[in-house]
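I opened the notebook to look up, one after another, a few things that a newcomer might want to know about this structure. My entries follow the order in which I looked.

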Amino acid sequence: MTSKQPPRIATWMLKHFGSGPNNDAILGDLAEQYLQKDSAMWYWRQAMKAIPVSFFKEIRGHKRIAARALLTGWVMWILGGISIFPLVFFGTNVGFDFEPRHPIGTAWSFMWMPVLGPASFHRPFSFVFAVALPLIVGAMCGWLVARWQICAQRHPPAIRISQVHRDQQTGVVLLFAGSILLMDLLLFGPFILTVGPLVANLFFGPLAANVAASVLGILLGGGLLRDNSRTVSN
Amino acid sequence: MRKGAYLGNFDLMLLLALLRLGEDAYGVTIAQELEEQTGREVVVASVYATLERLQERGLVTSSLGDSTPERGGRAKRYFHITTAGIREVRDARRSLMNLWKGLPELKGEKA
């Protein structure tokens, strides 16, 4: 037997971000083939392709579950935001601007409230808010998305909660984290156009930290960064 | 006339690889067989994604095998072609042969 180990970071990434019931078998196959090929480049290529391939396979194969995960995540994100943010900033003039005629402005004032709101605070404090709040809300939402889903029932008409299958947890958490990241990126263009590049530049650091904290929170809450090896179901 | 989705190129290659490998068809051997026969690198995850889809169509079944130390203690997943899968391969072969017949030469090669 040889002690040759495949690249650790690539293995870690595939182990935590690979979706579907066959992720363990894929990891095993790559480890076995790595002994013959002895090429770190080959292993990285296989592992980095396996993450999107397995993700899109899972999402395409379970469209309804994916849609419910997005719905659940966003409902919880908005509920979390409107309940936690005002509580933290209670007694201050920090809040989000609800402007029906400017939905994009409303969206970024809500999404980036922890950054834009305490901008007048001292720098270290504003950074703490920019990171801590989205991390907490993200972790809550990630935890919920990985476990429960809101679904509508037709007969009899009702809203009920169903459990997410273990094999689908990684895919739905990644999908929700990706949707938050995409929303942040899409909002950044109109933000620059509205406030101007000079002002936008001042917020770039805290905003980047805010977005990173949101995604990290979701992945943490969703259990994707936990070191538990998933078993393959027969 | 038969109904249902056509087999894709990769679907057909995978089913043929399963037929060639018999009882020893799992991720590594399937990828190696395809690489040897086609001369192209195969993404192991694509093999699984396609086989899962074929399994949902009832053309393939799978079972868990043994785990070995060189696999980091992870079990192999063996794939087997079903009777419906064999029928699909035969139909695809017949269709391709019919389409192939009577074709003129392709770039200097006999069709």
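The entries below go from the two chains to their contact, the shared core and some single elements.

**Entry 1, chain A.** I noted at the outset that this is a predicted model, and I kept that in mind throughout. In chain A I found nine helices and two strands, and reading from the N terminus on I wrote their order down as α-α-α-α-α-α-α-β-β-α-α. Of the 234 residues in chain A, 41% are buried. I then looked up the contacts in chain A between residues at least 6 apart in sequence, and 78% of them join residues at least 24 apart.

**Entry 2, the domains of chain A.** I looked up how chain A is divided, and the assignment gives domain 1 (8-61) and domain 2 (63-221). The centres of these two domains of chain A, taken over C-alpha atoms, are separated by 29 Å. Where they touch, nine residues of domain 1 of chain A are in contact with eight residues of domain 2 of chain A. Helix H3 (residues 40-61) of chain A gives the most to the domain 1 side of this contact, with four residues. By class, the residues on that side of domain 1 of chain A divide into four nonpolar, three polar and two charged.

**Entry 3, a loop residue.** I stopped at Asp38(A), which is found in the loop between helix H2 (23-37) and H3 of chain A. Its phi is near 50 degrees, a positive value in a residue other than glycine. Is Asp38(A) buried or exposed? I found 12 C-beta neighbours inside 10 Å, so Asp38(A) counts as exposed.

**Entry 4, chain B.** I turned to chain B, which has four helices and two strands, and I recorded its pattern along the sequence as α-α-α-β-β-α. The C-alpha trace of chain B spans about 55 × 35 × 20 Å along its principal axes. Buried residues make up 32% of the 111 residues in chain B. Among the contacts in chain B between residues at least 6 apart in sequence, 44% join residues at least 24 apart.

**Entry 5, where the chains meet.** How many residues does each chain bring to the contact? I read off 19 residues from chain B and 21 residues from chain A. On the side of chain B that touches chain A, the elements giving two or more residues are helix H2 (27-38), helix H3 (44-56), strand E1 (60-67) and strand E2 (75-81) of chain B. H3(B) gives the most to this side, with six residues. By class, I listed nine nonpolar, four polar and six charged residues on the side of chain B that touches chain A.

**Entry 6, the core.** I next looked up the largest nonpolar core, which has 78 residues, and those with the most contacts inside it are Val172(A), Val173(A), Phe176(A) and Val44(B). Helix H7 (residues 123-147) of chain A supplies the largest share of this core, 11 residues. Why does the core lie between domain 1 and domain 2 of chain A? I noted that domain 1 (8-61) and domain 2 (63-221) of chain A both give residues to this core, so it lies between them. I followed Val44(B) further and, leaving out residues up to four places away in sequence, found that it touches Ile26(A), Asp29(A), Leu30(A), Gln46(A) and Ala50(A) as well as Gly27(B) and Ala31(B).

**Entry 7, helix H2 of chain B.** I checked the length of H2(B): at 1.5 Å a residue its 12 residues should span 16 Å, and its end C-alpha atoms are 16 Å apart, which agrees. The buried residues of H2(B) are Gly27(B), Val28(B), Thr29(B), Ile30(B), Ala31(B), Glu33(B) and Leu34(B). These buried residues pack against H2 of chain A, and also against helix H1 (9-21), H3 and E2 of chain B. After H2(B) comes Gly39(B), whose phi is positive, near 75 degrees.

**Entry 8, the strands of chain B.** I closed with E1(B) and E2(B), which run antiparallel and are joined by six bridges. One pair that I wrote down is Ser62(B) with its bridge partner Phe79(B) in E2(B). Five of the seven residues of E2(B) are buried, so this strand is largely enclosed by the rest of the structure.

Terms used. Residues numbered from 1 in each chain as written. Chains lettered and ligands numbered in written order. Predicted model: local features only at pLDDT ≥ 70, side-chain atom pairs only at ≥ 80, totals over all residues. Contact = placed C-beta atoms within 7 Å. Nonpolar A, V, L, I, M, F, W, Y, C, P; charged D, E, K, R; others polar. Buried ≥ 20, exposed ≤ 12 C-beta atoms within 10 Å, placed from the backbone. Core = buried A, V, L, I, M, F, W, Y, C linked by C-beta atoms within 7 Å. Domains from an automatic or database assignment. Pairing = 2+ DSSP bridges. Expected span 1.5 Å × (residues − 1).
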